[in-house]
Amino acid sequence: MIIVAAFFLIPMAFVAIRVADGPDGLATYFVILTNGRYLASLVQTLVMSAGVTISALVLCGVCGLFLVRNRFAGRNVITAMLTLPLSFPGTVVGFMVIMLAGRQGVIGSITDALFDEKLVFAYNISGLFIGYLYFSIPRVILAVMASAEKLDPQLEEAARSLGAPTWRVVKDVILPGLMPGLISSGAICFATAMGAFGTAFTLATDIDVLPMVIYTEFTRNANVAVAAALSIALGILTWVVLTAVRCLVGNAATPGTGGGA
């Protein structure tokens, strides 16, 4: 309880007090829901976080299952490379995106040589999407590989012996077994993308995702009440998603659902 109070309850209480002490009082929450810029940043953050999560789940689901089921030269190196971003802070990830798709990046140099025009997308939402996806891959693939190792190959053999095509085996046997790991890692991926700041700050300060809006309201505009209200809204949204996922994982982990992480 001391740890929960020190790191969560007391800071959140002080943030809530900041909102109440603002010029609009508790109506500040209504302001952030009716202001076009704040609402647009909230929607853009939700959409981008959901897109990063879905992309990471699909990519890591295929790669993780392949790496668990196959033994070949260089397998450990590939696994290590996929988990390498765990050691990088968000600013380093943002710098790597700039080196890839910035004005002097690799993609820009190649397109300039081929088409006499640079393709630059590091400083907008596309570059941020790439950075968040790169940052999320290790968190998802480790959970997927842990779930894939617990799959029972005999269930797949039984399904194929009964005439099930490959897509039915994937749908009815493999996915249910991977689902707990996919759901739990997807929740972490979504929460990380919702609140990540370092990558967005490195790429551009005018990217309208919620963490950057909170930063600009607090530092540039000195609008502490709105920044506090947006922080609480971000925290509540993330908490609701994590709570819902925790309930789904609990239901998926009940006996007879095919195992999982």
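**Note on a predicted helical model**

1. The largest nonpolar core of the protein chain has 37 residues, and those with the most contacts inside it are L128, Y132 and V209. The elements that give two or more residues to this core are helix 3, helix 5 (90-101), helix 7 (125-148), helix 9 (166-195) and helix 10 (198-203). Helix 7 gives the most, with 9 residues. Apart from this core lies another one, of 16 residues, among them Y38, L42, L210 and A229. The reader should bear in mind that the model is predicted.

2. Which residues does Y132 contact, leaving aside its neighbours within four places in sequence? They are M48, V52, A193, A196, F197, T199 and A200. Y132 is also among the residues with the most contacts inside the largest nonpolar core. One residue in its list of contacts, F197, returns below in the discussion of aromatic rings.

3. As to the overall fold, the protein chain has 12 helices and 0 strands. Read from the N terminus, its elements therefore run α-α-α-α-α-α-α-α-α-α-α-α, where helices and strands are taken as DSSP runs. The C-alpha trace spans about 70 × 55 × 35 Å along its principal axes. Of the contacts with a separation of 6 or more, 71% are accounted for by residues 24 or more positions apart.

4. Of the 261 residues of the protein chain, 38% count as buried. The accessible surface comes to about 14,200 Å², and 70% of this surface belongs to carbon and sulfur atoms. The chain has 14 positive and 13 negative side chains. The centres of these two sets of charges lie 7 Å apart.

5. The aromatic rings deserve separate comment. A pair of aromatic rings is described by the distance of the centres and the angle of the planes. In this model the count comes to 4 aromatic pairs. One of them is formed by F197 and Y215, with 5.2 Å from centre to centre and 50° between the planes, and is tilted. F197 lies in the loop between helix 9 and helix 10, whereas Y215 lies in helix 11 (residues 210-219), so the pair ties together parts that are 18 residues apart in sequence.

6. How exposed are the two rings of this pair? F197 has a relative accessible area of 30%, so it counts as partly exposed, being neither under 20% nor over 50%. Y215 is likewise partly exposed, at 28% relative accessibility. Y215 forms a further pair with F201, which is edge-to-face, with 5.3 Å from centre to centre and 75° between the planes. Because F201 lies in helix 10 and Y215 in helix 11, this pair ties together parts that are 14 residues apart in sequence. F201 counts as partly exposed at 35% relative accessibility. F197, F201 and Y215 form one aromatic cluster.

7. Is A101 buried or exposed? A101, which is found in helix 5, is buried, because its relative accessible area of 0% is under the limit of 20%. Not counting residues up to four places away in sequence, A101 touches I107, L119, V120, F121 and A122. The C-alpha atoms of A101 and F30 are separated by 38 Å, and these residues are 71 apart along the chain.

8. Two valines of helix 3 stand in contrast to A101. V58 has its place in helix 3 (residues 36-69) and counts as exposed, because its relative accessibility of 52% is over the limit of 50%. V47 is also in helix 3 and is exposed, with a relative accessible area of 55%. Where do these valines stand with respect to distant parts of the sequence? The C-alpha atoms of V58 and L182 are separated by 9.4 Å, although the residues are 124 apart along the chain. V47 and N124 are 77 residues apart in sequence and 15 Å apart in space, C-alpha to C-alpha.

9. A final point concerns the backbone at D116. This residue has a positive phi of about 60° although it is not a glycine. D116 lies in the loop between helix 6 (106-115) and helix 7. Its relative accessible area is 67%, which means that D116 is exposed.

Note on methods. Residues are numbered from 1 along each chain as its sequence is written. This is a predicted model: local features need pLDDT of at least 70, side-chain atom pairs count only at pLDDT 80 or more; totals for chains, interfaces and linings use all residues. Side-chain values use heavy atoms; hydrogens and water are left out. Helices (H or I, at least four residues) and strands (E, at least two) are DSSP runs, numbered from the N terminus. Buried means under 20% relative accessible area, exposed over 50%, partly exposed in between (1.4 Å probe, protein chains only). Contact means heavy atoms within 4.5 Å. Accessible areas come from the Shrake-Rupley method with a 1.4 Å probe; for residues, only the protein chains shown count as cover. Lys and Arg count as positive and Asp and Glu as negative; His and the chain ends are not counted. The place of a charge is taken as NZ of Lys, CZ of Arg, CG of Asp or CD of Glu. A nonpolar core is a set of buried Ala, Val, Leu, Ile, Met, Phe, Trp, Tyr and Cys residues joined through side-chain atoms within 4.5 Å. Rings of Phe, Tyr and Trp (its six-membered ring) pair if their centres lie within 6.5 Å; planes under 30 degrees apart count as stacked, over 60 as edge-to-face and the rest as tilted.
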